[in-house]
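Biologist: I should be grateful for a close look at a single helix of this model. Please describe its sides and its surroundings, and place it in its chain.

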There are 2 protein chains.
Amino acid sequence: MSHLIRVHQDNKIKEIECNKGDNLLKVLLKNNYEINAYCGGEGICGKCKIKLKGEINKPNKSELEFLDDKELKEGFRLSCLYNIKSNLDVILTQKDDITVMTKSIITEMDLNLDLKKENIYLKKADLRDQRDYLQRIYNKSDTDQIDYSNLKKIENLKKDSEISVIKKKNKIIDIRTDLDKGYYGLAVDIGTTTIVIYLLDLETGQELDTYSFYNPQKKFGADVISRINYTINNKDGLKKIKKTIVDKLNKGIDHLVENNNIKYQDIYKMSVVGNTVMLHLLLGIDALNIAKAPYVPIFTEEINLSPKETEIKINKNGLVQLLPSISGYVGADITGDMLAVNINKLNGINLLIDIGTNGEIVLSSNKKILSCSAAAGPAFEGANITFGTAGISGAISKFLIKDNKIQFKTINDKEPIGICGSGLLDMIAEFYKYNFIESSGRIVSKEKLKDWQKPFLKEYKGQKALKITNLKNYDKQIFLTQKDIREVQLAKGAIAAGIEILLKELNYKDTDINRVFIAGGFGNYINPDNACFIKMIPNCLKDKIIQIGNGAGTGAKIYLLNKNAKREAENIIKKVKYIELSINKEFQTEYIKKMSF
Amino acid sequence: MSHLIRVHQDNKIKEIECNKGDNLLKVLLKNNYEINAYCGGEGICGKCKIKLKGEINKPNKSELEFLDDKELKEGFRLSCLYNIKSNLDVILTQKDDITVMTKSIITEMDLNLDLKKENIYLKKADLRDQRDYLQRIYNKSDTDQIDYSNLKKIENLKKDSEISVIKKKNKIIDIRTDLDKGYYGLAVDIGTTTIVIYLLDLETGQELDTYSFYNPQKKFGADVISRINYTINNKDGLKKIKKTIVDKLNKGIDHLVENNNIKYQDIYKMSVVGNTVMLHLLLGIDALNIAKAPYVPIFTEEINLSPKETEIKINKNGLVQLLPSISGYVGADITGDMLAVNINKLNGINLLIDIGTNGEIVLSSNKKILSCSAAAGPAFEGANITFGTAGISGAISKFLIKDNKIQFKTINDKEPIGICGSGLLDMIAEFYKYNFIESSGRIVSKEKLKDWQKPFLKEYKGQKALKITNLKNYDKQIFLTQKDIREVQLAKGAIAAGIEILLKELNYKDTDINRVFIAGGFGNYINPDNACFIKMIPNCLKDKIIQIGNGAGTGAKIYLLNKNAKREAENIIKKVKYIELSINKEFQTEYIKKMSF
C-alpha cells in the first residue's frame, strides 16, 4: 500500500509517494533533503528531528530520550526511527549542507561494478550452427577473454541448458551451474588494533554481515613501529607477521561464508583499507623504510593482486584490491575516509580526523588538501591506560558528573570492567570541568577540592588517582590515574597541534572551518562537546562536528561497489599534500602548547 | 659508403640512396616496388629477375641457373642475390600487385608491440621527496599496475641506480638489473607432423633462431583423428598427450635459450598457431567433439593464458597467446596464412591452399572469404607412401624424366633413402606425362609401354610399381607403387574438389582466380607446374601460383610482433564462412571426378 508524504521546507512543498513501512529518514535523503544524521540513522544522536502532521505514530522508547513532552505533543519525532504508516505532512526546519556526507554514509551506495553475473542459455551445436562453445558463451555474455580453468570447464557443461557467467569487464572469471546462487564481495578495514570485514552482496550492494576482531599482529607489538621492529629483529619476521594476518583474515572469511551459507568461491572481490604499514605487512612487503627517515614506503598506489598472490581465500579468479594510500603515515584508511565524505565535492573548509592508534588529520579547501599524521598513541584504544580497554562489554563508554555524583554507562550495561576511549575522554573533560584537574593536567591537591569532591581523590599504586566506581568489591574498583591523564594529554595534544600546523600551512584560522568529520571506531562514540572542551579539537568547532563512524570501512565498501571510486581516489590523492610533522619545527612547539586543557 | 640507385619503371625514375652491401631486393621492397619473389628471397625461384645498368657485379653460381648468356650480357640479375657495390640503374619490367604478400613475407615485419623495455633511473628518497618507490618507478616508466613478484622485488633494488622495466601496456611485468640484456618472444607453429619454434628479438623484431622437430604426439597417431581417439581410449590420455607436447616445447625452448645465450625469463611472449585439434591438445582441452558431427570445438577464439596455466617455460609474467581459428578443421595456422598474405587487403579473387596433413583451402573475394578443409591425408608428408619420408636428408625432392632417363635430386645430395612430398608429386606428374600412368591413375600394362619405358615397370611386394632408383644394392631400391599413386589421387582429388566447391559457392570459375597462394612446408617445395599438371590445382592457374612458405609461422610472427594483428585477424575471421565438406552433397561427386589426372 502506498502513502503520500508532503514535505514542507522553505515555503516549498513536495509530494513523495512511498510504501508502507518505508523509513522516513531514508525517504527524505533519497529525495535529496538535507537531514543531519550524524550517528548514521541509528537513533543515537537525536539530530534528525523533524515535525510531523497527520496520523502520527506513537513515539518509541528511544525517541523519548531525545524529545520532551512539549515536542512530542507538537509532533516532533526522530525521522530515522519513524516508519511510514499513513499519509503525512513533514515539516523540515533544519538547514545544513552536509548532504554529501550523509548520503555517502547512510543511503545505499551507488552500485557500479566492473563485475557482473549473467545467466545465459548454452545451445547445443548442430551442423547448421557449428560455432564453437566458447563463442556461444562469449556472444551471450558479451565477453571475449577467459582463463584456463574456465575454458577447461566448458568441456563438461551440459549443453542445451542454462549456465551462469561471472564476468569482469570483458573477461569470464567464472562459469557456474548453480544459477540461483549470488556473488559476493568483501570490504576489509585493517586497523593496527582491530580489523573489520564486511560481506556485501555484489548483486544488490547490500551489506549482509560484518565480522570484526583484534588484529592478531598485536602480539608482535601494539603499534606500527614495534611491528616493523619485529620484522627486522626476527628471522622470517616479515613472513610470520604476514602469515598471522592472512590466516586470521581467512578464518574471518570462513566465518562469514559459514554464517551466510555461501561458498568462498562465490566471493570475487575484496577491497582493503588500512594504514600504510598494515598494507605492507599484509603483503609481506618490507615496511622498514617507513619507520626511519625519510619514511618512504615501497608503495602507496592502488595494488591489484590475485587471491593466489595474496594467499587470501576467495575465488581464485577474483581480485584483491588495496586502496591507494597517501604516504607512509597517511594510509588507505584515510583515502577511504575521504571517499566516504566525498571530500572533493565538499565546499568550504573541511577538517577530517581519524583517531585510531595514530591520529591522521586532513584539511581540505576547494583547491588543496593537506594531510598529516599525529603520533597520538593508542591511549584512546585503551592501551597505556591503567584501566584501559577496547570497546567491549562492560567498558565504561560514557561518563558524567551530575548533582555532585558520578554517572556512567557501560557497553551492554554490564558490570564495569574498564574504560574505553569515549569514556576516557568524558572523564578527562568532566573532571577538568569540575576542577579535579588543572589545565596543566595535574590532579589538584586535596585542599583545593570541595567536600563532595574529596572522596574521589585516591591513590592507586603510588599515583594520584580519581576513583570512578563505587563497587562493593574494592579489588575491582576502577581509577583514572595521573599517568592516564598524561597519556590523554599526549594524544590530544598531538592531534590539536596537527590541526594547528595544517591550518597555518593553508593560512586559515580554526573559525574558518565549516565541518569537522570524525572517523574511526572511537571517533564515533565520543562526545564531541567533550573533545572540544579538552581542546583536542578547537572549541569553536563544537557545533560543526560530524561523526562518520568507520569512514575507512565505508571507503572500502565504496571502492568495492563502484568502479569509479578508483578515479575519484586518484583525483583526491593528486590534490593531497602530505606534511611530515616529525621534521616540522613548529609542530614541537605547538605540541607542548596543546597538551594543556 | 653510400651508393645511389636509379629505379626505372613505367617511364618513371626514382633515386634511392643505399649503403654498400645492401640487398637489392630488400631495398626495392622497402621502397614499395612490386617484385615477385615467391621463394622468399632465397635465390630458388628465379622470379625476382631485374635488369641493371652500370658497374654490374659478376653473376654468382645460383644466378647462372636462372639466367642464360643473353640475359647475363644484357645485365639481368636476380635482385635477391644482388648486393649493391656501386651506383646503378635498375630497370623494372615486371608488373604485379602482390606487394602485400611479398612484404609480409620478406621485408622486416612491422614492430608494434604492447611490450616494451625501459631503462630508468631509480632515485633515492629523501625528506624533500618522500614519494614511495613504486611511484618513482611508475612515473619513470609510464605504468600504473604491477604484480606481486615485482612489487616484492622493489625492496631489494639498489637505490640511486639504473634499472630496467619490462612493461605490457601500463603494467610492469618485470624489473631487471641486467640492463644490457634483451627481451625475446617465440612464434610457434604446431603442425600435426612437425613443429617449428622461431626465436625473435622483441626489441628489433629480428628473427634470431629457429628450431624444428617432429610433433612428439605422432606416437599417439599420425593424424588428428587418431590422436583424439587416443585421448578417448586411454586413461589420462588427454593429460598425457598434452604433457608430451608441452615437455617437447619446453625442451625446444631450452635449446633456443642455450643456443642464443639468453635466459628463459627473458622470453615474455609466445604466439602459437596450429590446427584446431593441435591447439586443444596443447591446452589439454577435450577435442572429442571435433572428431564427430557436428564437429564443434570447445574454442576457436584467441586464447590468452599465463605461462603457468599452459606450463610453458617462459617468464612467468609473460603471455602465451593462441591465434584464433576458424572452425574445427580450419585452424589458427590458416589464420596465420591469411595474415601472412594480408588477405583482407588483396583485390581480386584469391585462392590459398595450405597443404599439410589436411589441405585447408581459402577462397577470398573482396566481400567474402570461404574456407574448407579437405581430408587430403598425410600422403604429401610421406605417410602411407611405400617409400615415403619427410623432407629429410636423402629424400628425393625433385624428379624429372628427360631424354628417356630418370633424373632426381635428393635433399643435401645424399644417397636416396625415400620420397618426400615434392618428389612424390613430381613423380606422379612425370610418369603421367610420359604415359606410365593412365588418367584413371592405373599404371599401364607392359604392352602399352615403349621400349625405353619397360625397364621401369616392376613389381613391388605383389603390386605394380615404377622403379625410381638404379642402385647397385637392390635391397635399397626405391619404387613408386600403384597404392602410392592411389594415395596421391585421394589427396589431390580432395584438394581439387574442395577448390571446386568453394568456387561454386561463390559463383566463380577457376579462370576468375587472380592468385593462388600455396602455404605449408610441402607447398613451398613443390613444382607448381606439376601440381597443375596432375590437376590438384586447376591447370589454368599455373602462372598465378605464389609459394609463401610457412605462412602459418609467418602469421604467428606477425601476431607476436604487432598488436594490431589481433584486430586484423578478427576482421578476417568475421568475413570467413566455413563450408563443411563432409555434409556437402556435391563434394562427394566432385571428389570422385577430381581423382583422375
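Modeller: The answer below begins with the basis of the model and then turns to one helix.

This is a predicted model, in which local features need pLDDT of at least 70 and side-chain atom pairs count only at pLDDT 80 or more, while totals for chains, interfaces and linings use all residues. Residues are numbered from 1 along each chain as its sequence is written, and chains are lettered from A and ligands numbered from 1 in the order in which they are written.

Chain A has 19 helices and 27 strands; these are DSSP runs numbered from the N terminus, with helices (H or I) of at least four residues and strands (E) of at least two. Of its 597 residues, 48% are buried, that is, 20 or more other C-beta atoms, placed from the backbone, lie within 10 Å of the residue's own, whereas an exposed residue has 12 or fewer and a partly exposed one falls in between.

The helix chosen is α18 of chain A, which spans residues 565-575. Its buried residues are A565(A), A569(A), I572(A) and I573(A). Seen down the axis of α18(A), these residues fall within an arc of 95 degrees, so they line one face of the helix; the arc is that of the directions from the helix axis to the C-beta atoms. On the face turned away from the buried side, α18(A) carries the exposed residues R567(A), N571(A) and K574(A).

The buried residues of α18(A) pack against α12 (332-340), β18 (369-374), α17 (551-561) and β27 (576-578) of chain A. For contacts in chain A with a separation of 6 or more, residues 24 or more positions apart account for 68%; two residues are in contact if their C-beta atoms, placed from the backbone, lie within 7 Å.
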